[in-house]
Protein chains: 2
Amino acid sequence: MMSYSVKIDVKPIGYVKTEAVGKEVRDRSHVSQIVFRKELAEALEGIQGFSHIFILFWLHRIGEKERGTMKVHPRGREDMPLLGVFATRTPHRPNPIGLTRVKLLGVEGNVVTVQGLDAFDGTPVLDVKPFDFWDTTEGFTVPEWWMKLEKERLQRKKERQ
Amino acid sequence: MMSYSVKIDVKPIGYVKTEAVGKEVRDRSHVSQIVFRKELAEALEGIQGFSHIFILFWLHRIGEKERGTMKVHPRGREDMPLLGVFATRTPHRPNPIGLTRVKLLGVEGNVVTVQGLDAFDGTPVLDVKPFDFWDTTEGFTVPEWWMKLEKERLQRKKERQ
């Protein structure tokens, strides 16, 4: 059994740099940069061999009140079921850590350029990870509400084309 | 531009409970439990609709020295290239946060049973996330060394059958 008093000291390894604001950061084609601490540049060596990487970041705009949220409607939509925050990707969660799989476009020194990172300018980055064997997708199932949102998303995408 | 002095206060939402020790935790069939803080039980509602979820956890056995590691050979193998830690899933990284996709077996009150979590008994859990649209796998590419390790893994699996 663990003690909840274990010290967890997380320090940013870099931060997000983007000109996108508001909803623009959620555009899948959105290109942004991650500027790493200069001394960490060598820890990036070999990452360009991956087409996609995971970015873990700290949602620094989320306050204490939001961190106490227990239930939400996905995407704030009242027609969706009321769900526990751990069943959704809401930023309102006890530890507001964002996790996004992005496309890796390039690496130059301590700067990594990515596509599809839904994080605001100045967001602290906590970790960057390539795929592990265990991340490769086997069959998986999702709830009905998830499929409904996904179908709507694909429909909107089709209409834009 | 962000300041690196931003305060990041991460608190465990629960911890891992398992009887597996040492290398046993890396067995893909390994079943363990996540015991959540009691007050967070309602934040789990609806999670059972997903077959797989991501677990973010704090690798509490990693010390300051390991956190300063810049380069490693994947899996400690000298026949693999020497790579920056961000190009690998080594636990030796500036912020030792583990990320594993697991199979969700069941939820009972504040206890979630999962398969495939490579974390030791007592490991603090930071977050739990279901799939987002963006996690679904499109085509992706990985380096040659990655493919070599994956081929070896599949070969070993075949030999065991």
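This report walks through the fold of chain A, its interface with chain B, and a few of the charged residues.

The model is predicted, so a local feature needs pLDDT of at least 70 and side-chain atom pairs count only at pLDDT 80 or more, while totals for chains, interfaces and linings use all residues. Residues are numbered from 1 along each chain as its sequence is written, chains are lettered from A and ligands numbered from 1 in the order in which they are written, and side-chain values use heavy atoms, with hydrogens and water left out.

**Chain A on its own**

Let's start with the fold. Chain A has two helices and eight strands, and along the sequence they run β-β-β-α-β-β-β-β-β-α. Helices (H or I, at least four residues) and strands (E, at least two) are DSSP runs, numbered from the N terminus. The C-alpha trace of chain A spans about 50 × 50 × 35 Å along its principal axes. Of its 161 residues, 53% count as buried; buried means under 20% relative accessible area, exposed over 50%, and partly exposed in between (1.4 Å probe, protein chains only). Take the contacts in chain A with a separation of 6 or more, where contact means heavy atoms within 4.5 Å: residues 24 or more positions apart account for 72% of them.

**Where the chains meet**

Now for the interface. On chain A, 83 residues are in contact with 83 residues of chain B. The two chains bury about 8100 Å² between them, 61% of it on carbon and sulfur atoms; buried area here is the accessible area (1.4 Å probe) that two parts lose on being put together, summed over both. Across this interface there are 22 residue pairs in polar contact, both residues at pLDDT 80 or more. The side of chain A that touches chain B draws at least two residues from each of several elements, including β2 (31-36), β6 (97-108) and α2 (144-160). Its residues divide into 41 nonpolar, 17 polar and 25 charged. For that split, Ala, Val, Leu, Ile, Met, Phe, Trp, Tyr, Cys and Pro count as nonpolar, Asp, Glu, Lys and Arg as charged, and the others, Gly among them, as polar.

The largest nonpolar core has 80 residues, and Phe86(A) and Phe86(B) have the most contacts inside it. Such a core is a set of buried Ala, Val, Leu, Ile, Met, Phe, Trp, Tyr and Cys residues joined through side-chain atoms within 4.5 Å. Leaving out residues up to four places away in sequence, Phe86(B) touches a string of chain A residues, among them Ile13(A), Phe36(A), Leu40(A) and Pro130(A), along with Arg93(B) and Pro94(B).

**Salt bridges**

Over all chains there are 24 salt bridges, and the count between chain A and chain B is six. The rule asks for a side-chain nitrogen of Lys or Arg within 4 Å of a carboxyl oxygen of Asp or Glu. Here are four of them.

| Pair | Closest N to O distance |
|---|---|
| Asp127(B) and Arg93(A) | 2.9 Å |
| Asp9(A) and Lys11(A) | 3.7 Å |
| Asp118(A) and Arg26(A) | 3.3 Å |
| Arg26(B) and Asp118(B) | 3.3 Å |

The Asp118(A) and Arg26(A) pair links distant parts of the chain, 92 residues apart: Asp118(A) sits in the loop between β7 (111-115) and β8, and Arg26(A) in the loop between β1 and β2 of chain A. Asp118(A) is buried at 16% relative accessible area, whereas Arg26(A) is partly exposed at 38%. In chain B, Arg26(B) is partly exposed at 37% and Asp118(B) is buried at 17%.

Lys11(A) counts as partly exposed, at 41% relative accessibility. Lys7(A), Asp9(A), Lys11(A), Glu64(B) and Arg67(B) are linked in a network of salt bridges.

**A closer look at Arg93(B)**

Arg93(B) lies in the loop between β5 (83-84) and β6 (97-108) of chain B and is buried, with a relative accessible area of 0%. What does its side chain reach? One partner is the side chain of Asp127(A), in a polar contact of 2.9 Å, and another is the backbone oxygen of Thr90(B), at 2.9 Å. A polar contact is a pair of N or O atoms within 3.5 Å; within protein, one must be able to donate a hydrogen and the other to accept it, and residues adjacent in sequence count only if both atoms are side-chain atoms. Beyond its neighbours within four places in sequence, Arg93(B) is in contact with residues including Val128(A), Lys129(A), Glu66(B) and Phe86(B).
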